[in-house]
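Here are some brief notes for a first look. Please read them with the structure open beside you.

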Amino acid sequence: MSSVPGGKPLPVRKPLPYRRVTVLGAAGGIGQPLSMLLKLNPLVSKLSLYDIAGTPGVATDLSHINTRTEVHGFAGDDQLKDALKDADLVIIPAGVPRKPGMTRDELFDINAGIVKKLVQAIAKHCPFALINMISNPVNSTVPIAAEVLKVEGTYDHTRLFGVTTLDVVRARTFYAKAKNLPIEDVDVPVVGGHAGKTILPLFSQATPQVPLSKEEVEELTRKTQDGGTEVVQAKAGKGSATLSMAYAAALFAESCLKAMNGEPNIIECAYVGSSVTDYPFFASKVELGKHGMVKALELGPISKYEQTCLDEMKDELMGSIDKGVAYVHNTESEKIIESLK
Ligand SMILES: NC(=O)C1=CN([C@@H]2O[C@H](COP(=O)(O)OP(=O)(O)OC[C@H]3O[C@@H](n4cnc5c(N)ncnc54)[C@H](O)[C@@H]3O)[C@@H](O)[C@H]2O)C=CC1
Ligand SMILES: O=C([O-])CC(=O)C(=O)O
């Protein structure tokens with residue numbers, strides 16, 4: 001505490017560390033509200049907004065908000081390097097969203113190439129940044145990012161996260177509503193992956209614990225798994241979840257930044273490279289620290305129903321992981337063959 005003569009003691013504020021966050025895909029449906037939430041977050045010192053077009057406008061607009069975060073817009077291939085320079089955290093909502101009737105996997109053909117290119121640039125320009133991957137299909141885009149980083153020689157599984165926070169946000173909302181609980185006190189871990197039956201909310205570990213019938217567990221599980229599709233259908237061709245996703249991404253980013261700044265006991269669910277199960281990538285609770293993931297937490301005791309769901313996701317989750325890994329290997333081999341011609 002310090003004091004002014006004759007006045008009350010003034011609290012001494014510890015200056016917050018300088019943190020730079022880059023959003024790739026910042027002019028999009030998720031990118032814009034996410035960038036706004038980051039501009040409002042005192043933990044973000046500098047915000048770099050990148051997209052193929054439109055980001056100078058978004059950045060100028062946000063820059064008039066009277067918070068301390070500096071905002072800069074970057075557009076096009078030539079400016080990607082500057083957008084990534086010195087980033088501590090890179091958030092990627094770049095890529096196309098679903099239309100009604102599509103699965104997330106049907107986005108693979110377009111989004112795989114986008115993610116590959118962006119992650120190559122991260123490896124080159126900010127190899128130590130944490131990556132928060134939002135682009136779908138997350139079950140494949142995270143393995144793609146990992147393989148790209150391996151090719152570039154900068155892979156560290158503790159820095160790469162698939163953002164599954166929206167599944168947690170949905171499970172909390174639906175559980176609180178179903179059981180009339182105070183929503184701010186509710187937590188539900190969600191494990192597995194981020195598509196259909198690979199999304200597995202663990203209501204047996206929800207807090208506060210209230211009894212749920214078998215039917216209630218099945219209904220809440222299905223509702224959480226179908227949350228994305230519900231929004232896609234309601235938007236009727238105008239994209240998928242953007243506002244709730246921006247909120248979820250801002251929550252996860254804030255946890256990453258708090259942990260980077262040394263705050264202890266930061267636990268979030270995320271889809272990461274881990275050995276918690278036999279899957280090379282799996283969403284579980286993870287502890288975050290100064291340099292990314294400290295550890296992925298064990299699943300803990302789960303119900304019989306949850307165990308069955310875990311067994312049933314096997315083919316889909318492994319298929320999506322293998323598809324992502326194969327994509328990078330195939331495109332790299334094609335590059336080598338091309339260069340030998
Ligand atoms: N992980 C999750 O829980 C969720 C993931 N998503 C996914 O997030 C992605 C983005 O969704 P929306 O924002 O609604 O789509 P959107 O189409 O509104 O925005 C995507 C943005 O990415 C940009 N973009 C495309 N190629 C790019 C490149 N090479 N470099 C930089 N930017 C590029 C586009 O110009 C556009 O501004 C989709 O793949 C969607 O499926 C959506 C909701 C939840
Ligand atoms: O459903 C989609 O396509 C977008 C998404 O991942 C979600 O809302 O969970």
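1. Start with Arg98 in this predicted model. Arg98 is buried, because 22 other C-beta atoms lie within 10 Å and 20 or more are enough for that label. The residue sits in the loop between β6 (89-92) and α4 (108-125).

2. Which residues does Arg98 touch, not counting those up to four places away in sequence? They are Arg104, Leu107, Val232 and Ser240.

3. Arg104 is also placed in the loop between β6 and α4. Is Arg104 buried or exposed? Arg104 counts as buried, because it has 25 C-beta neighbours inside 10 Å.

4. Look next at the contacts of Arg104. Neighbours within four places in sequence are left aside here. Arg104 is then in contact with Arg98, Asn136, Pro137 and Ala195.

5. The record deserves a look here. In an unreviewed entry, UniProt lists Arg98, Arg104, Asn136 and Arg170 under "binding site". Asn136, one of these, is a contact of Arg104.

6. Now turn to the ligand. There are 33 residues around ligand 1, and Gly25, Gly28, Gly29, Ile30 and Asn136 come nearest. The elements that give two or more residues to this shell are β4 (46-51) and α4. With four residues, α4 gives the most.

7. What is the make-up of the shell around ligand 1? Its residues divide into 18 nonpolar, twelve polar and three charged.

8. Check the domains last. Domain 1 (19-164) and domain 2 (165-319) each supply at least three residues to the shell around ligand 1.

Note on methods:
Residues are numbered from 1 along each chain as its sequence is written. Chains are lettered from A and ligands numbered from 1 in the order in which they are written. This is a predicted model: local features need pLDDT of at least 70, side-chain atom pairs count only at pLDDT 80 or more; totals for chains, interfaces and linings use all residues. UniProt positions are given in the numbering used here, feature names are shortened, and annotations may be inferred rather than shown by experiment. A residue is buried if 20 or more other C-beta atoms lie within 10 Å of its own, exposed if 12 or fewer, and partly exposed in between; C-beta atoms are placed from the backbone. Two residues are in contact if their C-beta atoms, placed from the backbone, lie within 7 Å. A residue is near a molecule or strand if its C-beta atom, placed from the backbone, lies within 6 Å of it. Ala, Val, Leu, Ile, Met, Phe, Trp, Tyr, Cys and Pro count as nonpolar, Asp, Glu, Lys and Arg as charged, and the others, Gly among them, as polar. Domain bounds come from an automatic or database domain assignment.
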